[in-house]
Every structure is written in C-alpha cells, then in structure tokens.
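Trainee: Please take a close look at the salt bridges in this model. I would like to know where the paired side chains sit and how exposed they are.

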Amino acid sequence: MRISRRAVAAAAALAVLLPLSACGSGDGSGGSTDASGKVEGDITFQTWNLRANFKPYFEGLIADFEKEYPGTKVKWVDQPGEGYADKISADAAGGTLPDVVNVSPDLVAPLAKAGLALDLDKSAAKYRDEYLPGAWAGHQIPGMEGTYAFPWYLNTGPLFYNKRLFEQAGLDASKPPKTYDELFADGLQLAEKSKGKVATLANVPTIEDFGRYGVPLMNKEGTGFSFNDAKGVELLTHYKELYDAKALDPQALTATPESSGKKFLTEAVAMNPGSALDLDNFKKQAPSLYKNIGITDQITSTGKANMYVMGVMVNAQTKRTPAAVAFAHWVTDARHQMEFAKKVAIFPSTKGSLDDPYFTQQDGTDETRVRVAAAESLKTAENYTPVLFSEQMKVELRNAVARALQGKESPKEALDNAVKACDRLLQQS
C-alpha cells in the first residue's frame, strides 16, 4: 500500500481481538525461529492493496524467487486497503495468518506482542546492515526486544509554499521557514499583512509535529506517553497564537489532507505538505499557483524529517521459516526495492540505494527536484509516530488540540487530558 499522510488502518482493533494464544499458519504447534536451513517449500505472501497497479511486478518478483530457489512455491494474495487490520486480526486469531505479510509498524505491534511476528534480530540479523538504521528501527516495539519486520519502502514529502503570498507579506520568498520558530514568525506576519485573509497552514499539529518539534513522545519502556511535557505545551501554545491570529485556517479543526490541499490550490493558505505527485495536479488545475510554487523541506526543529515506513513481516508460526525469511528479504533487498521505487513514488529503505543517480541527479524538472530532496532527507529521517500510537489515540490528541485552540482548555490541560486518555487506551491493549 502506498503510504500517505492519511492514517493507516486502526491497529487498536488488532490488539483487542488478538488472544495471546493465537497461532499462525500450520497446525498450531508453532514454527521454528531458525532460518538457516534449506530454502524450500510452499509459502503464502500477502500484500496490501497492490495487485491492481503492480500485478506484473509482483508476478515477476515471485517467478524470479522460485527460479533462484528450486523447490519453492509462493502463493500471492492481495487484500484491499479497507478493513486490512480486521483481516489480519481474523487470520491471526484463526490460525490462518500468511507466512509473509505486508505490514505497517502499528499493525505489527499487536502481532509481535501476541508472539506472531518473527524477531529478525534473532532469525535474520545478518541482513540488518543492508538497511538504513532508522528504517530497521521502524518495526521495533517499545518495551520489547527485537525487530519484527523487514523495512520495505519509505515515503516522505516536501512542503510546498506560495512565493507570491510570501512576497506580498514582505517575506523573502527565497528563504522559506525551516524551523518551527521561523514558521510561527512568518505565519503571524502573513496573517497581519493580509488582514487575516491568508492563513499559513490548514492543518492542526499531529503527533508527527510534536516529534519534529523535539517533544519526547513516549517513555523508553513503552508504558506511557509524554507529549504533554513543557516542550509539547510550548508547541500547542504557539499553534493557539496562530489560530487566534487567523494564521491557522479556521477550518483546520476539521480538515482532511484533501480539504487542506484544496485550500492551498485556491491560494487561501500559503503552505501545505505534499509530494511530487501534487505538482502535476498544480500544473493542470492551478497554473497561476504552479508559476509561484516554492518547494522546501519539512519544518523540523530536530534537523530530521518524518518518514513513513512499510514493512514485510514473517509469521513466527510458519512451518517454512528459511523460505519465508528468504522471500521477505528478497522482496526488500536493494535490487528489488530499487525496481519497485522506479514504478511508484516511494523510496528504498536499503543503505546506498538513495545514492543512486535516480535519487541524486537533477534533470531540471520539479518532479526530480522533489524526489532528490526527499531522498536526501530520508537518510537521517525518523518515523515520529510511535508504533503504539493507535487510531483512537490520534483522535484523542486531535480532540485535545481542538479544545486548546478554541480556548476551552489551556494547552497544558488539554495535553494532560490527552496523555491520560492515551495511556488508558495503551493499558487496555
């Protein structure tokens, strides 16, 4: 599944539905964690909403694997994006979880806790150095030892800004904000100069913003959240100032990525996150905006951008551990990740891949400029969304932010209440 800023399926349901005694594919007696044996036998590989657009790629990938390892047979199943977490939960509880599964970090967490995700630090440690450290760490679970999925593809995106609106506010359009302090200062100036007609942002802060601001999000043990510390309160206080000055769009409290994009398209807001795919949309639907488009890095006070991680998990109960591990590695090795990245706007998680000319050499197009900049930022990027931060928790934070911006609670009170609610949900899982 292509990763976007849109939230992935609710993994909280998995945690609730998965009994600790759940067993994987096979007869339920458990599989071996030893991946050193002969690569042979039949395995099942499950992807997440990829067949429609990439059927030839995956069929070729599987055929090449079976040729490389005679005696293997890979059955490929693809599940729709809608209800994917529910499908994994049902398979895990019913003992029919495939041998190799496409997962995101939030989906792998309850499976790892239930003993259904193979610990690759024990079974496939020899492959660890092939991947970017931040990507390998993307499927580690706070409070647990181990890594529970191979990193597959990554994604991130730049920040677009409207040069014309910046210039009208007396700002230097060649020097867009890089840090949150710069963002807040420029935002207030944009709102003042436009008499509140132009907002800088159309989105309220999410957990990724707290992370990029340098807020500690969770304790190391994975037993509680901490985004209500002084720095978290500071960030939300600044957003309250933006909201009051109309530097944050009034509809930001109910905004979606789609509605925020429309605000930017109609030049009602000056900045909006996006991807190379958006540029073509700007060209077709808003040529006047496209002429004035600026492209810059994500706002961050840590120096590290946010990245989204997709992974490939091996079922700990598989009866074909050597074949399952070999195939999961095959899907995610440098050669195959590079092939996949050239078919869709994603990025490899393997070391050295981002140094390929495809990700480093400019050709004068904006699309390539975005790709090159994103690839460079991914070398040191982090996945700021805690693995244990569920969809329900995202709702709690969003509601708390709304209460603070509307003045119903102070930023500190709102974040304290959000942390309490999230900790409660964490304990329930």
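Mentor: K394 and E391 both belong to helix α18 (residues 391-405), where a spacing of 3 residues puts about one helical turn between them. Their side chains form a salt bridge, with 3.1 Å from N to O. K394 is partly exposed, at a relative accessible area of 25%. Keep in mind that the model is predicted, and that the pair is one of 16 salt bridges in the structure.

The bridge between E267 and R164 joins parts that lie far along the sequence from each other: 103 residues apart. Here the N to O distance is 2.6 Å. R164 sits in helix α7 (residues 163-168), while E267 is in the loop between α11 (257-265) and β6 (271-273), so the contact ties these two parts together. On exposure, E267 has 16% relative accessibility and counts as buried, because the limit for buried is under 20%. R164, its partner in the bridge, is partly exposed at 30%.

K38 and E40 make another side-chain salt bridge, with 3.8 Å from N to O. That value still qualifies because the cut-off is within 4 Å. K38 is exposed, with a relative accessible area of 60%, whereas E40 is partly exposed at 34%.

Finally, there is a case that goes beyond a pair: salt bridges link D355, E376 and K379 in a network.

Terms used
Residues numbered from 1 in each chain as written. Predicted model: local features only at pLDDT ≥ 70, side-chain atom pairs only at ≥ 80, totals over all residues. Heavy atoms only, no water. Buried < 20%, exposed > 50% of the residue type's maximum accessible area, 1.4 Å probe, protein only. Helix = DSSP H or I, 4+ residues; strand = E, 2+ residues; numbered from the N terminus.
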